[in-house]
Amino acid sequence: MLGAMLREAWRAMGANRLRTFLTMLGMVIGVGAVVLMMAIGQGAQYAVAQTISSMGSNIFVVLSGYTSVGGVRTGGGSAPTLNVSDAEAIAELDGVDTVAPVHWGSVQMVRGPNNWNAWVHGTVPAYFDARSWPVAEGGAFTDSDLRAATRVAVLGRTVAQNLFGDEDPVGKTFRIGQAPFTVLGILAPKGQNLEGRDQDDLVVMPLTTAQRRVFGTAFQGSVRQILVKASAPEVMPALERNMESLLRQRHRLREGADNDFTLRNLTAVAESAAATTRVMSLLLGAIASVSLLVGGIGIMNIMLVSVTERTREIGIRMAIGARERDILAQFLLEAVIISVIGCAIGLGLGLGGALLANQLAKMTVVVSGSSVLTAFGVAAGVGVFFGFYPAKKAAGLDPIEALRYQ
Amino acid sequence: MSEAVIRVEGLAKDYDTPAGPFPALKDVSLDVAPGEFVAIMGPSGSGKSTFMNILGCLDRPSRGRYLLAGRDVAKLDKDETAALRNRTIGFVFQGFNLLPRMSLADNVALPLVYSAIGHEERLARAGAMLEKVGLGGYAGSLPSRISGGQQQRVAIARALVNDPRLILADEPTGNLDSHTSEEIMGVFRALNDEGITVVLITHENDIAQHARRLVRFLDGRIVEDRPTLQPAHSPPTLPSAASGRHPLPREGGRGEGPPC
């Protein structure tokens, strides 16, 4: 029965090839647009997710306060309001995975004929774990380096290239001022952060080394920033409250006084960026879906014409024993075949378009199996939905009227 | 005498018109026994086509009873009447009504599609039926490639393919010249000789003379119901049950090749 109906549908479609092709074209464009837009939208989401994971997950940043000299206020992180013991106290709180105090500044570095200015992060070995940032070549410094304030450093990729060029920097030295520093390792490349700043333009060294041998702070043990990694996303709201009250207590801030530090939840920032991309990708999909809808209406239009043209044939079929559901199934099958074949072609074009966008425009595109399956499901659904009314109309014809139709 | 193939009692059909209900049939009663060959005659508007549509389960009467092979058609749902049209009745139309894009074999096999019979058996039975109406060599041709008389033979083959008890033919020779008409009537006679009940509508007296019984309609009523004088026929009450499936007479005089 199905075999006979498929041959019927094929014959009916073949009888008016141009019309069938044009009807299909509506679906081709619709599905192609949806597939392409979904690939681009998911690509954008993927790119944002990559950036977010490069920041490390479940991260809080505590910045020290600002100084105010004669009413001129400096930026966050410039006053020595945070110190290493604050970091040690935070590490005792529930839900804390690792804590890394960071003292930073920008310095000029020299290696042979090259020199370069970059940010130095003076911190503890836990820093690499907190930022989910592995050392790719060589190794990291250890707690004994921290205790002894040895002159060692781990370079970001950008710094390594600018100072050492094609040389392998591991084990070699560079100078800050007159003091030589030994390169222990090179960090894995991380790329840009959400603001577009190059995260690899960085030198990481022991906190004690940075404080005593590079910046020479007047306040022993003060840090500009404390990175706090929570053990799970669920504990983050409670941990944020606990950290704030702990720091206020430690800094002896009175009720109503402003915080002398800033607490930031990086995950929340990242999530809002991800949400923006998600909305954009939904919007792209929605706009593309409109063309799918138009394609579906095209199918309905042509099926209605086809039912009218074949009224007499429907009458003949009814007279020789076709039930209403046979007629319904015949026209429905035709609509579904048109939409599914159109979908297959549209899928090919959409994937080709995504590939072109990737190759020519260097866009990140992601094609998932689920988006392909969704496209097929939607196309079959469009065929059934828009084919149903014409098919129902065909099945509901009065056989006598249909037989008389010229 | 066995149970009537067709039993109609007090049948009436009203059509709704802007001027009120128009009675197309008024109190028609008729019995057709198995193996009968009935010609229905009457001027246009006499109700004979309406009557035929009701007999063919394409239309329902406004009043009265219609028993087809003992079953009250009014009590059947749409799928059951479709099954009756498919298996119990074979239709032959004035305009042949073959599907133009299908081969003759596919046309003949079409009723079998709706009885859920497999592809192989469909083609085998369609081939046998085309053979029977003398068009065995044309299975793959399209209807447009053969003459009107040949098309009507194909239509008869289609009507026969599901072994119906009753053939209903609505002016089957209306579009044919007199010579071809004679041939088609020969086919119907041969079918009737095999025991199939045939009811046909015609407005030509000499066509009606091929039947064994003549029913004349006028203004929605039967005004005449009498046997025709057909010496060549055996009595209608004695269908030749023993006669096998002998081939029907072939189209004569015009050769076997395609006409165009």
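What follows is a chat about how some labels on this predicted model are justified.

Biologist: Let's start with α5 of chain B, residues 148-160. How do you know that its length fits a helix?

Modeller: Take 1.5 Å a residue and multiply by one less than the number of residues. For the 13 residues of α5(B) that should come to 18 Å, and the end C-alpha atoms are 18 Å apart, so the two agree.

Biologist: What makes α5(B) mostly covered?

Modeller: A residue is called buried if 20 or more other C-beta atoms lie within 10 Å of its own. Twelve of the 13 residues in α5(B) pass that test, among them B:Gln150, B:Arg153 and B:Leu160. The cover includes β6 (89-92), α3 (104-113), α4 (119-132), β7 (166-170) and α6 (178-193) of chain B.

Biologist: And how much of chain B as a whole is buried?

Modeller: Buried residues are 47% of its 260. The chain has seven helices and ten strands.

Biologist: Now the sheets. Why are β2 and β5 of chain B called edges?

Modeller: The sheet is open, with four antiparallel strands in the order β2-β1-β4-β5. β2 (20-32) and β5 (71-72) each have a single partner strand, so one side of each has no neighbour in the sheet.

Biologist: How do you know that β1 and β2 of chain B pair?

Modeller: Two strands pair if DSSP finds at least two bridges between them. β1 (residues 6-17) and β2(B) are joined by nine, running antiparallel, so they count as a pair. One of the bridges puts B:Ile6 with B:Val32.

Biologist: What makes the pairing in the six-strand sheet of chain B different, and which strands are its edges?

Modeller: The pairing there is mixed, and the order is β6-β7-β8-β3-β9-β10 in an open sheet. The edges are β6 and β10 (221-227), each pairing on one side only. From one strand to the next the twist averages 15°.

Biologist: Which strands inside that sheet run parallel, for instance?

Modeller: β3 (residues 37-41) and β9 (residues 213-218) of chain B do, over four bridges. B:Ala39 has B:Leu214 as its bridge partner in β9(B). On the sheet sits α6(B), touching β3, β7 and β8 (197-201) of chain B, and its direction makes about 150° with that of β8(B).

Biologist: Over to chain A. Why is β13 called mostly covered, and how do you know which strands it pairs with?

Modeller: With the cut-off at 20 or more C-beta atoms within 10 Å, five of the six residues in β13(A), residues 225-230, are buried. β1 (residues 59-64) joins β13(A) by five antiparallel bridges, and β5 (residues 96-111) of chain A does so by six, also antiparallel. At least two bridges are needed, so both count as pairs. A:Ile226 shows up twice: as partner of A:Val62 and as partner of A:Pro101.

Biologist: Which parts of chain A touch chain B?

Modeller: 16 residues of chain A are in contact with 20 of chain B. On the chain A side, α1 (2-15), α10 (311-319), α11 (324-360) and α13 (399-404) each supply at least two residues. α1(A) gives the largest share, four residues. By class, that side has nine nonpolar, two polar and five charged residues.

Methods: Residues are numbered from 1 along each chain as its sequence is written. Chains are lettered from A and ligands numbered from 1 in the order in which they are written. This is a predicted model: local features need pLDDT of at least 70, side-chain atom pairs count only at pLDDT 80 or more; totals for chains, interfaces and linings use all residues. Two residues are in contact if their C-beta atoms, placed from the backbone, lie within 7 Å. Ala, Val, Leu, Ile, Met, Phe, Trp, Tyr, Cys and Pro count as nonpolar, Asp, Glu, Lys and Arg as charged, and the others, Gly among them, as polar. Axes are lines fitted to C-alpha atoms, for helices over the stretch in contact, and angles run from 0 to 180 degrees between N-to-C directions.
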